[in-house]
Amino acid sequence: MLWENKLAQWSAGVRARANLPARLTLWDGKSYDFGEFSEATGADGGKGADGANGAFAPAVTLHVKTPAALSLMLQPTLDNLGEAYVKSKIDIEGKLSDVIDIAYGLAKTSIDKPSGALQNMARYFAHTKSSDKKSIEYHYDVSNEFYQLFLDANMVYSCAYFENGDEDLGTAQLKKIDHILTKIELKPGQTLLDIGCGWGALVIRAAQKFGARCVGVTLSQNQFDLATERVRAAGLQDRIEIRLQDYRDVTGQFDRITSVGMFEHVGRKNLPEYFRRVQQLLADDGVVMNHGITSSDPEGGGVSYGGGDFIDRYVFPNGELPHISLALQAMQQGGLEAFDVENLRRHYAQTLRCWSDAYEANAEKLHTLVDEEKFRIWRVYLAGCAYAFENDDVAIYQIVGRKAGRAAKTLPWSRRYIYDGTSALNAS
């Protein structure tokens with residue numbers, strides 16, 4: 001049959017180019033190997049079901065359940081492979097980290113890394129207040145219980161800060177928040193606006209430990225409800241206001257502004273206007289910190305090998321990743337001067353591994369909260385993102401800035417204050 005010839009040719013090409021420790025099996029029992037297997041590659045560290053005749057097992061086995069999946073398999077972009085998995089057209093055996101390695105390996109053998117220019121043309125989205133709210137609701141309003149099963153106790157859904165590399169996730173997330181608030185030199189009595197406040201962890205920490213008066217805004221009803229409840233439980237209603245509000249509708253001025261994991265939703269062409277609005281909300285002597293994911297493609301092409309298309313369709317609708325150079329340019333166009341930039345890519349790879357491990361450990365409970373498709377989407381999303389950050393497909397930067405045009409003498413001499421905290425706070 002034609003498809004059998006195509007599969008044989010394709011698998012032979014994969015073996016020749018990549019020698020992947022994976023096997024493809026069909027609904028009728030036929031199988032195709034993508035490489036040679038050894039004792040080290042076996043999913044169980046040794047021989048598989050056919051070990052009696054001396055054969056070793058593959059690290060990953062892809063079970064194609066229906067002929068309808070073949071068109072996706074023969075064009076194995078990350079988007080196509082992800083679709084085949086989340087739509088239950090294929091099942092997969094093997095360690096999740098090995099599965100992700102194989103997926104990237106298959107994509108790399110079949111397509112060249114797409115150019116950023118082409119992706120840019122296809123991935124400009126209309127970012128209205130209504131569409132942005134719908135996108136945020138799609139991603140964040142799964143359920144609070146869903147997120148609680150793989151995030152830390154404070155439900156911080158952004159890159160943690162592993163100062164020494166051996167911290168548990170909860171400790172690393174608190175260190176991240178303190179790292180941010182110390183970077184912006186938050187002082188008692190100052191006002192802080194947190195754009196995209198999540199479930200309130202940063203503003204609660206800012207009020208409790210740093211003595212700030214805070215406003216947190218989110219477009220997610222679930223986040224708003226739980227953040228409001230947490231502020232009330234902490235007895236901080238007089239210092240923290242949580243709003244279900246678009247940042248474009250915020251008025252007034254703030255001594256400090258933070259935006260953590262939010263500007264990815266703004267859209268590349270809208271970044272100058274986003275930073276201009278931040279500049280308008282910032283006090284003349286204020287400090288802003290933007291913490292966001294960036295593309296490693298200098299053309300701003302996003303996640304390669306079709307990964308960005310999968311994320312847009314199934315995880316983050318309308319998300320767009322700029323290159324760090326574009327983010328810095330947009331800040332300047334918006335009237336802000338960047339004076340400190342830190343790459344936390346290693347930290348996010350570790351954060352995502354922690355989330356992915358917790359997701360796997362709580363798979364049974366998660367299955368009771370979402371349907372099979374949603375469960376599979378998040379499973380491959382978390383593990384796939386860990387791979388992307390580990391391998392420089394995407395990055396994440398914290399950028400500290402202020403209003404442009406101020407005198408140089410108002411800048412710090414060094415970054416020492418960020419690490420000793422002496423100019424930010426004296427409390428524990």
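Let me begin with a pocket, the second largest one, which holds about 250 Å³ of space; please keep in mind throughout that this is a predicted model. Which residues line the second largest pocket? Going along the chain, they are Leu 96, Ser 97, Ile 100 and Asp 101, then Arg 353, Ser 356 and Asp 357, and finally Ala 383, Ala 386, Tyr 387, Glu 390 and Asn 391. The elements that contribute two or more residues to this lining are helix H4, covering 96-110, helix H14, covering 345-361, and helix H16, covering 372-390. If we sort the lining of the second largest pocket by class, we find five nonpolar, three polar and four charged residues.

Let me turn now from the open pocket to enclosed space. Rolling a probe the size of a water molecule over the atoms shows where empty space is left. The count comes to one cavity of 30 Å³ or more, and the volume of the largest cavity is about 40 Å³. Its lining consists of Tyr 274, Phe 275, Val 278, Val 288, Met 289, Asn 290, Met 331, Leu 336 and Ile 399, with helix H11 (271-281) and strand E9 (282-295) as the elements that give two or more residues each. What classes do the residues lining the largest cavity fall into? Eight are nonpolar and one is polar, while no charged residue takes part in this lining.

Helix H11 brings us to the helix packing, where its partner is helix H13, residues 324-333. The axes of H11 and H13 come within 7 Å and cross at roughly 50 degrees, which makes H11 oblique to H13, and the crossing is right-handed. On the H11 side the contact is made by Leu 271, Pro 272, Phe 275 and Arg 276, and on the H13 side by Leu 326, Ala 327, Ala 330, Met 331 and Gln 333. By class, the residues of this contact divide into seven nonpolar, one polar and one charged. You may recognise two names here, since Phe 275 and Met 331 belong to this contact and also line the largest cavity.

I will finish with a second helix pair, H8, residues 169-183, and H9, residues 201-210, whose axes come within 10 Å and cross at roughly 65 degrees. How, then, are H8 and H9 oriented to each other, parallel or perpendicular? They are therefore roughly perpendicular, and the crossing of H8 and H9 is again a right-handed one. H8 enters the contact with Leu 174, Ile 177, Asp 178, Ile 180, Leu 181 and Thr 182, whereas H9 brings Ala 201, Leu 202, Arg 205, Ala 206, Lys 209 and Phe 210. The residues of the contact between H8 and H9 comprise eight nonpolar, one polar and three charged.

Notes
Residues numbered from 1 in each chain as written. Predicted model: local features only at pLDDT ≥ 70, side-chain atom pairs only at ≥ 80, totals over all residues. Heavy atoms only, no water. Axes fitted to C-alpha atoms, helices over the stretch in contact; angles between N-to-C directions. Helix = DSSP H or I, 4+ residues; strand = E, 2+ residues; numbered from the N terminus. Parallel < 35°, antiparallel > 145°, perpendicular 65-115°, else oblique. Left-handed = near helix turned anticlockwise from the far one by under 90°. Contact = heavy atoms within 4.5 Å. Nonpolar A, V, L, I, M, F, W, Y, C, P; charged D, E, K, R; others polar. 1 Å grid on protein atoms, 1.4 Å probe; cavity = no way out; pocket = protein on both sides within 12 Å on 5 of 7 lines; lining within 4 Å. Points joined across faces, edges and corners; volume = space filled by probe spheres on them.
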